[in-house]
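Visitor: I have a few questions about the ligand and the cavities. Could you show me the model before we start?

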Amino acid sequence: MATLEVSIARGEFRNEPPTDFSKPENRSRMEAALKKVAGELGRDYPLLIGGKEVRTEDQLRSINPSKPSQVVGIFSKASKELAARAVEEADKAFRHWKRTAPEQRAEILFRTAELLREKRLEMNAWLVYETGKTWPEADADIGELIDFCEFYGREALRYFGPQPITPVPGERNRLVYIPLGVGAVIPPWNFAGAIMGGMTTAALVTGNTVVLKPSSDSPTIAWKFVELLHQAGLPAEVLQFCPGSGSAMGDTVVAHPRTRFIAFTGSKEVGLRICELAAKVQPGQIWIKRTVLEMGGKDAIIVDEEADLDAAVEGVTISAFGYQGQKCSACSRAIVSEKLYDAFLERLVERCRKLTVGPAEDPANFMGPVINESAMKSILEYIEIGKREGRLVLGGGRVPGEGYFLQPTIFADVPPRARIAQEEIFGPVLAVIKAKDFDQALEIANDTEYGLTGAVYSRNRSKLDRAAEEFHVGNLYFNRKCTGALVGGHPFGGFNMSGTDSKAGGRDYLLLFLQAKSISEKILS
Ligand code: NAP
């Protein structure tokens, strides 16, 4: 089928609906999936290099943060030598993968989406065990992964179809998009399904080959996804599956002269390191490496005096404490008009006191654990800093249990330049800041090095219009939470130290994985 026909046959892109866990049949299916996956925990997984399984003595263990004694998976770990070999094998595979028909590559993504639908609850269950996501959070992550497959499949068909150019008399001209080469795909653990799979599929569907280095906290989800890609028809040698320590083998993959681009999502520190390392030309390197770097945030919600108070309290609660505050888009600063401040704070504390915390497997819990011990320690250190910088009004410590459970924590009266109002904590800690008016609220909101997401609650149209112009973030929301971007509807990416504003899930995204070639032919008479 020609590109256009395939695209029409698929129909327009629509977001995958969430699973409704209020329905008893869905609850029992999810319970069955958790049970099934529980029986598969603790297995050994190899690396995949050049289509072959490679096992190493050096291994990493991924654990269940709700129950750290439970091992989710044991993974062979790529050494620097194996990481370099992975790049070289990906380079070899590029010679044929770049020539496969775009329709065939898109079809693999559509088939993967189908397989994910069939296995959705099982994939959810892996996320629950490996990354401490509650049922709805895990389900949203896999839903977004399905969306990425469907969206990028269609987008690839668009990019590989005819491109509009201005006619030139006497010439037959066209512009075609071609892939770049070997891409290093380096995702975080916090959207271990969606971000890992989104960056991977964007790279593959555009004809690039991939070295996938999953986060050391979530390699099992990545393995399960790679299995589905293979089942959907992806040739094994096109994707190298390479878990390993980012700080040890990550540099090798980034610096390798045959690596053509790096798609990274994670912290500012690692993103900037990759940016610097990728900029250095290595012996034998004949291109400037491209980097797609999506990094942290210090996202704010402005609650104006003309806000709907109930909606604002709910929006801040969900944005700040959903997935334990471990979203790059999480609200970590509530900037509240002084006219509403006391009422807002009282209602917010009352609301958040009711949030339940405990094992992610138990659907009664709104919050699960934070990802690992070192994250927990770092968040607790920030809580101590917060006690000196603001007024603790809720939480402030651990929740008893084996897992890395932390209380939802709120600090009031936080000065805008305090460390807990400036540095990304990446946990369930919210700073509430008082603003004397809307001007000052906007000033405070913009006064960080980041610029990822933000929201404004106000019924005043002119204030919203001002925010649309002046609130400097990549994803801005009005009268709703600042988390939960949807593929297609809310292309995602941030300004300033939040990254290169790649707008994942948007129409410009695949361009980052492509280069354009202009071909002009003189018409002979
Ligand atoms: P991270 O520590 O920066 O790690 C991200 C990835 O980089 C992991 O796979 C990690 O591997 C790897 N890595 C570490 N050092 C490396 C190196 N020197 N070279 C190459 N790779 C290296 O971030 P994280 O804790 O996983 O994720 C949380 C962060 O991601 C937060 O800052 C959050 O805001 C950000 N985030 C941003 C977005 C966005 O769209 N802007 C979305 C989600 C998350 P190891 O696991 O082996 O260390």
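Visitor: By class, how does the shell around the ligand divide into nonpolar, polar and charged residues?
Guide: This is a predicted model. The shell around the ligand holds 31 residues. Five of the shell residues are charged and 12 are polar. The nonpolar class has 14.

Visitor: Which residues come nearest to the ligand?
Guide: The shell has 31 residues. Five of them come nearest. They are Pro187, Ser216, Ser267, Met295 and Glu424.

Visitor: How far is a polar side-chain atom of serine 216 from an oxygen atom of the ligand?
Guide: A polar contact needs N or O atoms within 3.5 Å. Tryptophan 189 places a polar side-chain atom 2.9 Å from a ligand oxygen. For serine 216, the distance from a polar side-chain atom to a ligand oxygen is 2.5 Å.

Visitor: Which side chain has an N or O atom 3.1 Å from a nitrogen atom of the ligand?
Guide: This contact involves a ligand nitrogen, and the distance is 3.1 Å. The N or O atom on the protein side belongs to the side chain of aspartate 251.

Visitor: How much of the ligand's accessible area does the protein cover?
Guide: On its own, the ligand has 910 Å² of accessible area. The protein covers 88% of that.

Visitor: Which element gives the most to the shell around the ligand?
Guide: Elements that each supply at least two shell residues are α9 (246-255), β10 (259-265) and α10 (268-279). The most from one element is four residues. That element is α9.

Visitor: Where does the ligand lie with respect to domain 1 and domain 2?
Guide: Domain 1 covers 3-10 + 45-295 + 502-518, and domain 2 covers 299-485. Both give residues to the shell, so the ligand lies between them.

Visitor: What is the volume of the largest cavity?
Guide: Two cavities of 30 Å³ or more are present. The largest cavity is lined by 15 residues, and those closest to its centre are Gly325, Ala330, Ser332, Ile425 and Phe426. Its lining has seven nonpolar, four polar and four charged residues. The volume is about 90 Å³.

Visitor: Which element gives the most to the lining of the second largest cavity?
Guide: The second largest cavity holds about 40 Å³ of space. Elements giving two or more lining residues are β12 (299-303), β13 (331-337) and α15 (438-446). The top contribution is three residues, and it comes from β13.

Visitor: How many residues in the lining of the second largest cavity are nonpolar?
Guide: Its lining residues include Ile302, Val336 and Phe438. One lining residue is polar and three are charged. The nonpolar residues number seven.

Key
Residues are numbered from 1 along each chain as its sequence is written. This is a predicted model: local features need pLDDT of at least 70, side-chain atom pairs count only at pLDDT 80 or more; totals for chains, interfaces and linings use all residues. Side-chain values use heavy atoms; hydrogens and water are left out. A residue is near a molecule or strand if one of its heavy atoms lies within 4 Å of it. A polar contact is a pair of N or O atoms within 3.5 Å; within protein, one must be able to donate a hydrogen and the other to accept it, and residues adjacent in sequence count only if both atoms are side-chain atoms. Accessible areas come from the Shrake-Rupley method with a 1.4 Å probe; for residues, only the protein chains shown count as cover. Ala, Val, Leu, Ile, Met, Phe, Trp, Tyr, Cys and Pro count as nonpolar, Asp, Glu, Lys and Arg as charged, and the others, Gly among them, as polar. Domain bounds come from an automatic or database domain assignment. On a 1 Å grid over the protein atoms alone, a cavity is a set of points where a 1.4 Å probe fits but cannot get out, and a pocket is an open set with protein on both sides within 12 Å along at least five of seven lines; lining residues have an atom within 4 Å of a point. Grid points are joined across faces, edges and corners, and a volume is the space filled by probe spheres set on the points.
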